[in-house]
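Please open the model in a viewer and keep the selection panel at hand. The stops below are to be taken in order.

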Amino acid sequence: MAADSGLDGDRLTALLNRSTWPYSVLQHRKPGGGSRTLLTPAPDLMRLQRRVLDEVLAHHAVHPAAYAYRPRRSVVECAQVHCRAHTVVRLDVAGFFDNIRERHVYASLRRRPAIGGPLSAVQAYELTLLCTTTPPDSESWINRGTGARRLGQRSTDPLVARAYPYQDQREGFLPQGAPTSGALSNLVMYEVDVELSGLADRLGLRYTRYADDLIWSSRALVPRRIIAQLVTDVRTVLATKVGLHLNDAKTRVSRPGSRRLVLGLLVDGSAPRVPRETYRRLECHVRGVRIAGLRAHAAHMGFETPEAARNAVDGLLSWVRFVEPAKGRLLTDAWSRALEVGDVELLGDPTSTELPSDLDTGEARESIAALLRHGSEYRSSAEFADLMRFIGGFHRYAPFNAMVVRLQRPGSTFVLTEARWRREYRRVPKPGAQRIMIFQPRGPYMVTYDVGDTEPLREAPPLPHGVTDPVSIRTAIPVQALETAWSTLLDNSVRWGVRVTLVDHAASACGRTYRTQMTDQLVRRPGPRGKGEDVRPLRFEVEVNRNLPVPDRLATLVHELAHLSCGHLGKHPELPWLDRRGGTRRRDEVEAEATTYLVLSRLDPTLTTDDYLLGHLGEGTELPDDLRLDLMVSCASRLLEMLLSRQP
């Protein structure tokens, strides 16, 4: 390899005897503090090392537990090995590349010959010299010697240091930054990986190595004594095989109650996930750029230039898209919109009548979007179900305003304006009562008060039954009212190009929705006051089980229309639906069920969530990460209008 390297003889000789030092030094700042020294080879040596990597090192065997510096292997695949982990043990090798020396590289090249044939001693030695280095005239890179030897043949004979035969150079090590260093480290660590994999098998653990990160995990509890034995055995293997040692400051043992991270990814679930703080950083950047612009946001966050800020965010987004593609695409779209000057997105339906026209400005839209984003705080099933119960109880106001009340005054149970409290219940606000602002359809806002902040006047009537005893079961809605709601919703579904068909299914079946294959068909409904017809192209088919009771039949139709409105079946040619295909069935069902509850709770405020939401969630289960609370609220408002009155 050295003979046909393409380098002239003097240059090659200088590289081999190290009379020249062909590396440039770059100090890279670590996120946790300190710096890492990167050594970049000169262009001609870089080309030669790449040839070594492609023609020699690519044909050497690598242990299956090693995931770094290998084609078609990644951090995500390494983390997948440890998914659903109960216990994760992470160990770090101190000074990994600096402590892999010439002798280790040479011995590995000789011990594990390439597939194309074994390397001679001269070839292995020349490759070792070309792929290792030591900075000249630097006391910080001390000569680590050539080891020690025994004065006799017995193990009890004393050890003495060998004299270093080369007085003008120091023993080389793997330069972190050279293209060959990663592959050579895998080659040197092959015997270590064999030993540690066997150790993992004996202890009932899973083992992977990503460069200097040694990771073990188990889906069952690992006793402390097993972990202590593991660390001790790892120290012994590293010291005897390669002369490496552990960085005790980076030893981590994670169990339930703490974050189980592998290479920066959460592995406590069925697939690796990006930690929440990464999403918070991205949301902070998106929000900052949307409000202040890229230049001002970059200066505020301490970036040297706007381009540096943009590159940093693009890098984070690429990482999220690689680990969780669906989330990454949503965040990338939000980032792209934020970069567009003057484009401020309102989460939910921007044409909703809940927002008066005089509030339709960039600042108002952003404030409402920020308000809705607080809904992501409701992460567990119990918290989310409680939020749905709360919104459902406010049957006098739209779902959007119910959530606005919740975010301003947690614990509110029944709110009205001061005029309605006085007129309907002869109650007035107490002195110092907290005002709760909500939006009104044709004005900026109105002020309401919670029942707990009011006091009765003389001869005040009793409060509604649902307020005085909110957990009791109320009388069922009359069948006639349900039939009327069914007919109204059926009629309004034509506006979306939906054809509803009653099918004869078993009682356990409810319904389904799909795109029609009859692209040339039309759906019709009578025109206003029975004059003419409203005609729409057929877009979607909805099947509802005719054998269901009337309440379940109505709930099924609302549920299927919620799937459409939330974008689970893609965009509509004429309506501003999002295209949210590709999500998990669990996410789609939770969104549709929650929207159904929000709609039907207007007809029966005492409706419980168990029938409509918790059947799809186990108690304490975390909700899907891409759940859109703001979209559910917007869809519920739209469906509620369709259910209560004929839409033009």
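The tour passes through a helix, a hairpin, a sheet and several charged pairs.

This is a predicted model, in which local features need pLDDT of at least 70 and side-chain atom pairs count only at pLDDT 80 or more, while totals for chains, interfaces and linings use all residues. Residues are numbered from 1 along each chain as its sequence is written, and side-chain values use heavy atoms, with hydrogens and water left out.

**Stop 1: helix 2.** Select residues 43-55, which form helix 2. Helices (H or I, at least four residues) and strands (E, at least two) are DSSP runs, numbered from the N terminus. The end C-alpha atoms of helix 2 are 18 Å apart, in agreement with the 18 Å expected for 13 residues; the expected span is 1.5 Å times one less than the number of residues. Next, colour D44, L45, M46, L48, Q49 and V52, the buried residues of helix 2. Buried means under 20% relative accessible area, exposed over 50%, and partly exposed in between (1.4 Å probe, protein chains only). Their cover includes helix 1 (9-17), strand 1 (23-29), strand 2 (35-41) and helix 5 (121-131), where contact means heavy atoms within 4.5 Å.

**Stop 2: the hairpin.** Select strand 6 (residues 206-210), of which four of the five residues are buried. Strand 6 pairs with strand 7 (residues 213-218) in the antiparallel sense over five bridges; pairing requires that DSSP finds at least two bridges between two strands. T208 has I215 of strand 7 as its bridge partner. In the turn, A211 shows a positive phi of about 60°.

**Stop 3: a buried charged pair.** Display D193 and R209, which form a salt bridge with the closest N and O atoms 2.9 Å apart. A salt bridge is a side-chain nitrogen of Lys or Arg within 4 Å of a carboxyl oxygen of Asp or Glu. Because D193 lies in helix 7 (residues 190-203) and R209 in strand 6, the pair ties together parts that are 16 residues apart in sequence. D193 has a relative accessible area of 0%, and R209 likewise has 0%.

**Stop 4: the open sheet.** Select strands 16, 20 and 17, listed in their order in a mixed open sheet. Strand 16 (498-503) and strand 17 (511-515) are the edge strands. G511 has V544 in strand 20 as its bridge partner.

**Stop 5: across the sheet.** Add helix 19 (residues 550-565), which lies across strand 16, strand 17 and strand 20. Finally, display R553 and E483, whose side chains meet in a salt bridge (3.9 Å, N to O). R553 is buried at 11% relative accessible area, whereas E483 is partly exposed at 30%.

Methods:
Axes fitted to C-alpha atoms, helices over the stretch in contact; angles between N-to-C directions.
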